[in-house]
Amino acid sequence: MEEKDLNFDNRIPLEDLKNAVDQIKSELRKVIVGQDQFVELLIVALLADGHVLIEGVPGIAKTITAKLFAKVLKTNFSRIQFTPDLMPSDVLGTSILNMKDSEFEFKPGPIFSNIVLIDEINRAPAKTQAALFETMEERQATIDGKTYTFEAPFMVLATQNPIEQEGTYALPEAQLDRFIFKIKVDYPSLEDEIKIIDSHHKRQGQLPQTIIESVLDTKSLEEYKSKTQAIVVEEKIIKYIAEIVSKTRNHPHLYLGGSPRASISILNTAKAFAAINGRDFVIPEDVKKAVKPVLNHRIILTPEREMEGMTTEQVVDMIVQSVEVPR
C-alpha cells in the first residue's frame with residue numbers, strides 16, 4: 001500500500017517571517033546572554049501590536065535589551081527617562097509661540113516615534129502616567145484640542161523597578177491593562193553571569209549598539225503583522241481562551257480578574273506564537289504560552305493570599321490546569 005504524504009502546506013506563507021525572527025534572535029544573542037524567553041516575548045508583542053512592561057531590579061540588562069531590540073528594527077527610536085518631576089508636556093510635546101507669524105506651533109515630544117523606551121515608568125506621578133493612556137491605546141495624542149496620529153509601528157517598551165524600591169509609584173490598573181505583557185526579568189544563573197562578564201571583557205569597551213545590525217524594516221514588519229492577524233483560530237480555541245479568562249473573574253484567590261482586553265491579548269499572542277513557529281493555525285500550547293505574560297499584571301490577589309506569599313503566576317497555573325484542553 002502506498003504511503004500517504006502527511007505534510008500539509010501552510011495556507012499563509014510564513015517562511016520569511018520565521019527567518020526574520022531567527023535573525024533578530026541571533027543578532028541580540030551577540031550581546032544579550034541567557035534571556036531567550038524575554039527576547040521571544042518582545043518579538044511576539046511586536047507581531048501582536050502590543051506594548052511591553054519589563055520589571056526587574058536595576059542592572060540586569062532591561063534597558064539595554066530594549067534599546068538593542070529597537071536597533072534590530074529599521075525604525076525611529078526614542079527614550080524617555082521618567083522622574084518624579086516629569087510633566088505630561090515633557091512626554092507629549094508642547095505648543096510654542098512662533099514669533100515670525102505670531103502663531104502657536106506644536107513641537108512634538110519624544111513619544112512621537114516608532115519604538116519608545118520609557119525607563120523607570122513607575123517613578124513618575126499619576127498626572128504624567130495619564131498622558132500615556134490615549135497614546136498607548138489609540139496610537140494618537142490630543143493636544144490643545146487637536147489630534148495627532150502616530151506612524152506605524154508604534155510600540156512602548158517600559159521598564160519598572162519592583163514597587164518595594166525607593167521612590168516608586170504603583171501603576172494604575174487602567175494603565176497596566178494597556179500593556180500586552182508584563183515580563184519579569186530575574187538575576188542570571190551563575191553560568192550566564194560568567195558568560196556576561198566574559199562577553200563584556202571581550203568587547204574591550206566596544207558599545208553593544210555597534211555590534212548589532214538592523215534586520216527588519218517597517219514595510220516587512222507591517223506585512224508580517226498582517227500575516228499574523230490572518231492565522232487560523234478554531235472556535236474551540238476561542239472558547240478555551242474565554243473559559244480561562246472567565247475563571248479569573250470568580251476565582252476565590254483573586255480580587256480582580258482579567259478583562260475582555262486580556263482575552264483579545266491572549267488571542268493575538270497565541271497567533272504570534274503560532275506564526276514564529278511557522279504554523280498558520282493556533283494550537284492549545286500557543287494559548288498556554290500566552291496566558292501567563294498576558295495575565296500576570298492584570299489580575300490582583302486577595303489581601304489574604306498576598307499575605308500568604310502566593311503569586312499571580314501560581315493562580316494562573318491553577319486556572320489553566322482546571323480548564324479542559326480542547327482536542
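Mentor: In this predicted model, Lys and Arg count as positive and Asp and Glu as negative; on that basis the protein has 39 positive and 49 negative side chains, with the centres of the two sets lying 1 Å apart.

Trainee: What makes the contact between Asp119 and Arg79 a salt bridge?

Mentor: The rule asks for a side-chain nitrogen of Lys or Arg within 4 Å of a carboxyl oxygen of Asp or Glu, and the closest N and O atoms of Asp119 and Arg79 are 2.5 Å apart, so the pair qualifies under that cut-off. The pair links distant parts of the chain, since Asp119 belongs to strand S6 and Arg79 to strand S3, 40 residues apart.

Trainee: Why is Asp119 called buried, and what is Arg79 called?

Mentor: Buried means under 20% relative accessible area, and partly exposed runs from there up to 50%; Asp119 has 5% and is therefore buried, whereas Arg79, at 40%, counts as partly exposed.

Trainee: How do you know that the salt bridge of Arg261 and Asp177 ties together parts that are apart in sequence?

Mentor: The side chains meet at 2.8 Å, N to O, and because Arg261 lies in helix H11 while Asp177 lies in the loop between helix H6 and strand S10, the pair joins parts that are 84 residues apart in sequence.

Trainee: Why is the protein called as compact as a globular protein of its length?

Mentor: Its radius of gyration is 21 Å, close to the 20 Å that the globule rule gives for 327 residues, so the description holds.

Key. Residues numbered from 1 in each chain as written. Predicted model: local features only at pLDDT ≥ 70, side-chain atom pairs only at ≥ 80, totals over all residues. Heavy atoms only, no water. Rg over C-alpha atoms; globule rule 2.2 N^0.38 Å. Charge placed at Lys NZ, Arg CZ, Asp CG, Glu CD. Helix = DSSP H or I, 4+ residues; strand = E, 2+ residues; numbered from the N terminus. Buried < 20%, exposed > 50% of the residue type's maximum accessible area, 1.4 Å probe, protein only.
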